[in-house]
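Q: Could you take me through one part of this model slowly, strand by strand? I'd love a close look at the sheets of the longer story here, with whatever packs around them.

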Amino acid sequence: MELIIQDIGFIIGTTLMYATPLIFTALGGVITERSGVVNIGLEGMMFFGAFVGAAVAYFSGSPWLGLLCAAFGGTFWGLIHAIACVSFRAEQIVSGIAINFLGAGSALFISRLVFDGATQTLTVVNKIPQPLAFLFGEGKMFSSSGFMGLVFNQFATVYLAFFMVALVWFVLYKTRLGMRVRAVGENPEAANTLGIDVIKIRYGAVMMSGFFAGMGGAAMSIAVVSRFSNTLISGHGFIALAAMIFGKWKPQGALLACLLFGAAKGFEIYLGAKGVPVAGDVLAMLPYVLTLVILVSFVGKTTAPAAIGKIYEKGDHI
Amino acid sequence: MTTITKKFGDFVANDAINLKVHRGEVHALLGENGAGKTTLMNILYGILQPTSGTIRINGRELKVTDPNVAIRHGIGMVHQHFMLVETFTVTENIVLGNEPTRSFGVLDMETAEREVAELSERYGLAVDPKALIQDLSVGSQQRVEILKTLYRGAEILILDEPTAVLTPLEIQELVGIIRNLTEAGKSIIIITHKLGEIKQVADFCTIIRRGLHVDTVDVNTVSEAELAAKMVGREVSFKVEKKKQVPGETILEIQGLCVEGGRGLPAVDGLDLKLRKGEILGIAGVDGNGQSELIEALTGLRKVKSGSIIMRGKNITNLSPGKIIEEHKIAHIPEDRQKRGLVFEFDIAENLILQSYGKPPFSKRFSLLWDNIYQNAERLIEKFDIRPQHPATPARALSGGNQQKMIIAREVSHEPELLIAAQPTRGLDVGAIEYVHRALVAERDRGKAVLLISFELDEVLNVSDRIAVIYEGKIVGILDAEGVDENEVGLLMAGGTA
């Protein structure tokens, strides 16, 4: 019995850990898409953030500085995406694809420059801390390998992610700013006639999506693992995008979807650890297969913001 | 507004136009489509910047650089296509951009709802502050738009074609609202090309033709015919002239037709209708009562769930559009001419053979015979007066009226037995409307049947021989057009019983 509870704790713990990078990134997706701009560049922004986070944490020794720089690294690519799609009215999907290549390419390029030609960083000494660690371990309140320890002895990013979900929800639905973001995503012409600066709102939203995606990347590279490598972010940005859609463009929905994808990863690791006779590659497919299945079965029924992906042009035409 | 000029490249949309509006006055802005009315108002509201000219409000000169400036100076605009966020509530839409907040920008929706309720009571604009826009009727949505401007303290309200989408009853309500507003000292500028409305509500009327200021008149001193002549630049006949004609045998019979709409709900719900040779049957009704689905079912574009459509004794229910056009001789002037009526990037000649390109004389085996195609185009351009008179002009370069002429030319040259005309004059100006109506009557006079579907009650009343009123997917009454009572039709359209 105790073993089963321990196993469940293990699965929940890994679920939370692996869902966290997805949650950050999906929140970014919610913000940008609610303003009417599609951002499939989340993957590239996450990739870039993962590298910047690990590199800065490695050189500075501060994981928090790494996380912050990762967020700003993502914001930089958000700015590029905004310049392309909002100011120059480029096709948002094309720009997003370009960002995916550029984000990943520039991260690898800088990595080779800084880490002697390697496409990975060295191991970060100080990872993101586990704030509740003092409660767990030998002679403490809980054992670190018991259910409580497995579930609650998490990295700070996990708690931060949950807090951010609540914050983004509050801003989107309870504040003036959030209402304007949603209005711009539904009907930018209407917002413009009421004196709302559509361009400014979209710039802000797209840059925030980069901010969150960058944090998501770092939550992977300096919390879940302790270094960046070129295969670390392999489709997580796209999974987060899928989670955002599956979560009906709502922060709370995206959270649940990310937890589901995290659970797929949790099972994968659990089954692998138990030595279940299934090829590891097949297990590793689980989150991706789940993404496909969910997108195919749910996307048709969800309602996207009305102005999503549409190019907004202000003014001078008849 | 003094000597306002606006150029788009070489095109002069407004050419030194003057407009003066007094407090508490209803001022109509009259002109054909593309005359420059909306451009002028967009300049006043700050959406467009004038190339030259000045705007003064209460004697002070003002640069309206964006809508914020206009709003601050008491100008409000109700756009023709409503500027509402469908998924927001009435209150959210009204306060958007000007939201009452507590500290840290947190919304204060209770205050907002209270203010909206007060406003709607003061001016007699009944709406539920908590309702979602997508659940409201068009008339209510318009009231929300008016409330939006009032919430921002508008003293001058611009209404862009406010009656285009309303039922006759809603139009009467709107007239009442306009009276309330002017009594409260608000000024109203109403953009329209409907003369009857001007006579009914406006005090003064400024007429614009091709960007030029034609005249400003006291509405009480001019007749509708005089206004129309000023607008078009020539005499226009309002009455559609048609001879009496005795209709022939039944050509189309629809029995118990049921068709599902976009959301899987019944849109056409047990509809019966008979159409005879040599008559124009007009279908009157408010948008969204199954008209589109009925047309799509008749033309084979949408699956019929149950019931039957009999054309010349043969059942054509659920046949393919090609068969219906080819073998059963039904022609269709679609509701959305730009989406369904023509191919934007094709030229006139190509658009004219969209149905018949696969047959002689236009093609032989695998190749198109371009000489014949262009000869055909030249003949039809001449006959139907399509301008510019050049077969290689792309459809997108034609005006709405000429696009419609091109579609009519194509459909009529096909020698149909039944012509379905859906909203055939939507967005057209007076001259083009006259043309389309004549074309419909000409088909009738040749002994063909015409089914006219329109949301413009005047059009249905003027052109048809018989009028069928559609409401919630059923025909709720069939009336003879001769001596029909407009109010009776209006009542039926709104679901009442005559």
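A: Let's start with the open sheet of four strands in chain B of this predicted model. Its strands follow the order S12-S11-S14-S15, and the pairing is antiparallel. Strand S12 (266-276) and strand S15 (314-315) of chain B each have a single partner strand, so they stand at the edges and one side of each is left without a neighbour in the sheet. If you zoom in on the S15 edge, you will find two bridges joining S15(B) to strand S14 (residues 304-311) of chain B, with the two running antiparallel. There, B:Met311 stands opposite B:Lys314 in S15(B). A helix packs on this sheet too: helix H9 (residues 291-298) of chain B touches strand S11 (250-260), S12 and S14 of chain B. The direction of H9(B) makes about 120° with that of S11(B).

Chain B also has an open sheet of six strands, and it makes a nice companion to view alongside. Here the order is S16-S19-S20-S13-S21-S22, with mixed pairing. The edges belong to strand S16 (330-333) and strand S22 (474-480) of chain B; each has a single partner strand, so one side of each is left without a neighbour in the sheet. On average, neighbouring strands of this six-stranded sheet are turned by 20° against each other, direction ignored.

Now look inside that sheet, at strand S13 (residues 280-284) and strand S20 (residues 449-454) of chain B. Five bridges join S13(B) and S20(B), which run parallel. Within this pair, B:Gly282 stands opposite B:Leu452 in S20(B).

Two helices are worth adding to your view. Helix H14 (residues 400-413) of chain B packs on the six-stranded sheet by touching S16 and strand S19 (418-422) of chain B. Its direction makes about 175° with that of S16(B). Helix H15 (residues 430-445) of chain B packs on the sheet as well, touching S13, S19 and S20 of chain B. For H15(B), the direction makes about 150° with that of S20(B).

To place chain B beside its neighbour, notice that 30 of its residues are in contact with 22 residues of chain A. About 2100 Å² is buried between chain B and chain A, and carbon and sulfur atoms give 65% of that area. B:Met83, B:Leu96 and B:Leu107 supply 22% of the area that chain B buries against chain A, more than any other three residues.

Definitions and conventions
Residues are numbered from 1 along each chain as its sequence is written. Chains are lettered from A and ligands numbered from 1 in the order in which they are written. This is a predicted model: local features need pLDDT of at least 70, side-chain atom pairs count only at pLDDT 80 or more; totals for chains, interfaces and linings use all residues. Side-chain values use heavy atoms; hydrogens and water are left out. Two strands pair if DSSP finds at least two bridges between them. Contact means heavy atoms within 4.5 Å. Axes are lines fitted to C-alpha atoms, for helices over the stretch in contact, and angles run from 0 to 180 degrees between N-to-C directions. Buried area is the accessible area (1.4 Å probe) that two parts lose on being put together, summed over both.
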